[in-house]
Amino acid sequence: MKVVATLVAIIAILAAAFFGYKWFQTQDELKNTQAKLTKCQQEVTEAKAAKEAAEQQTADIQAKLTALETAKKEVETQLDALKAKYEELTANLGSEEGGEDALNALQTTISDLKAQVEQKENELKEAQNAAESLKATIEANEKTIDGLKKDVTAAKEAQEAAEKQANSFKMNLLVHGLSLEEDPVFAGEILE
């Protein structure tokens, strides 16, 4: 009978040691998972900030594009008016004095306006290229955010699993009459 009791006691001690070891091991895994989760959440926050900055840049470029298109239309309107005046002067070239000088001045003005239109078109193309580049950056940031969200979800699931496993080991220790917590220590003097 003593042998059986001794064997049961040894088995209980070994089981308690095993479950205690597993509990401490899952606690370490839980801490690691929580650290990974915090890191993933920080990366998501940084990626969202980068995405918002890129979206703001896109909005700024879009405003610049709109302003450039408006300026281009104004220059084109002036160019059309000057072309009409040029045609009128060309038709009346022989009848007016100084018509050739006016015509030459008008041709110079038209050339200047054409150069302005080309410049505005180049600026417009540059702004459109910058907008497309920012859109690509935003898409890349969104993909990164999606990946990080998946990592956060996986880390949360791993954390929950580790917590469940730790609680299971703790319950097994308690079922076997063992505890991981220290017994309270009382200090002081005994009075009558």
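Here are some exercises with worked solutions on the structure above, which is a predicted model.

**Exercise 1. Getting your bearings**

Task: Find how many helices and strands the chain has, and what share of its residues count as buried.

Solution:
- Step 1. Look at the elements: the chain has two helices and zero strands.
- Step 2. Place them along the sequence. Helix H1 covers residues 2-91, and helix H2 covers residues 99-175.
- Step 3. Turn to burial: 23% of the 192 residues count as buried.
- Step 4. Add the surface. The chain exposes about 14100 Å², and carbon and sulfur atoms supply 54% of that area.
- Step 5. Check how contacts span the sequence. Taking contacts between residues at least 6 apart, 86% join residues at least 24 apart.

**Exercise 2. The nonpolar core**

Task: Work out which residues make up the largest nonpolar core, and which elements give two or more residues to it.

Solution:
- Step 1. List the members. The largest nonpolar core has eight residues: Leu37, Cys40, Val44, Ala47, Ile145, Leu148, Val152 and Ala155.
- Step 2. Assign them to elements: H1 and H2 each give two or more residues to this core.
- Step 3. Zoom in on one member. Setting aside residues up to four places away in sequence, Val152 touches Leu37, Cys40, Gln41 and Val44.
- Step 4. Recall a general idea: in soluble globular proteins, nonpolar side chains tend to be buried together.

**Exercise 3. Gln159 and Glu132**

Task: Decide for Gln159 and for Glu132: buried or exposed?

Solution:
- Step 1. Locate Gln159, which sits in helix H2.
- Step 2. Use its accessibility. Gln159 has a value of 14%, so it counts as buried, because the cut-off for buried is under 20%.
- Step 3. See what surrounds it. Apart from neighbours within four places in sequence, Gln159 is in contact with Leu30, Thr33, Gln34 and Leu37.
- Step 4. Now take Glu132, also a residue of helix H2. Its relative accessibility is 53%, so Glu132 counts as exposed, because exposed means over 50%.
- Step 5. Relate Glu132 to Ile61: the two are 71 residues apart in sequence, while their C-alpha atoms are 10.0 Å apart in space.

**Exercise 4. Salt bridges**

Task: Find how many salt bridges the whole structure has, and which residues are joined into one network.

Solution:
- Step 1. Start with the principle: side chains of opposite charge can pair when their charged atoms come close.
- Step 2. Count the pairs. There are three salt bridges in the whole structure.
- Step 3. Take Lys51 and Glu142, whose closest N and O atoms are 3.3 Å apart. This pair links distant parts of the chain, with Lys51 in helix H1 and Glu142 in helix H2, 91 residues apart. Lys51 is partly exposed at 22%, and Glu142 is partly exposed at 33%.
- Step 4. Move to Lys72 and Glu76, with closest N and O atoms 3.9 Å apart. Both lie in helix H1, four residues apart, or about one turn of the helix. Lys72 counts as buried at 19%, whereas Glu76 is partly exposed at 29%.
- Step 5. Add Glu121, which forms a salt bridge with Lys72 at 3.4 Å between the closest N and O atoms. Glu121 lies in helix H2 and Lys72 in helix H1, so this pair ties together parts 49 residues apart in sequence.
- Step 6. Join the pieces: through shared partners, Lys72, Glu76 and Glu121 form one network.

**Exercise 5. Aromatic pairs**

Task: Find how many aromatic pairs there are, and explain why the pair of Trp23 and Phe24 counts as edge-to-face.

Solution:
- Step 1. Know what to look at: a pair of aromatic rings is described by the distance of the centres and the angle of the planes.
- Step 2. Count them: there are two aromatic pairs.
- Step 3. Begin with Phe18 and Phe19. Their centres are 5.6 Å apart with 65° between the planes, an edge-to-face pair. Phe18 is partly exposed at 44%, whereas Phe19 is buried at 16%.
- Step 4. Go on to Trp23 and Phe24. Their ring centres are 5.1 Å apart and the planes meet at 75°, so this pair is edge-to-face, because planes over 60 degrees apart count that way.
- Step 5. Compare accessibility: Trp23 is buried at 15%, and Phe24 is partly exposed at 46%.

Technical notes. Residues are numbered from 1 along each chain as its sequence is written. This is a predicted model: local features need pLDDT of at least 70, side-chain atom pairs count only at pLDDT 80 or more; totals for chains, interfaces and linings use all residues. Side-chain values use heavy atoms; hydrogens and water are left out. Rings of Phe, Tyr and Trp (its six-membered ring) pair if their centres lie within 6.5 Å; planes under 30 degrees apart count as stacked, over 60 as edge-to-face and the rest as tilted. Buried means under 20% relative accessible area, exposed over 50%, partly exposed in between (1.4 Å probe, protein chains only). Contact means heavy atoms within 4.5 Å. Accessible areas come from the Shrake-Rupley method with a 1.4 Å probe; for residues, only the protein chains shown count as cover. A nonpolar core is a set of buried Ala, Val, Leu, Ile, Met, Phe, Trp, Tyr and Cys residues joined through side-chain atoms within 4.5 Å. A salt bridge is a side-chain nitrogen of Lys or Arg within 4 Å of a carboxyl oxygen of Asp or Glu.
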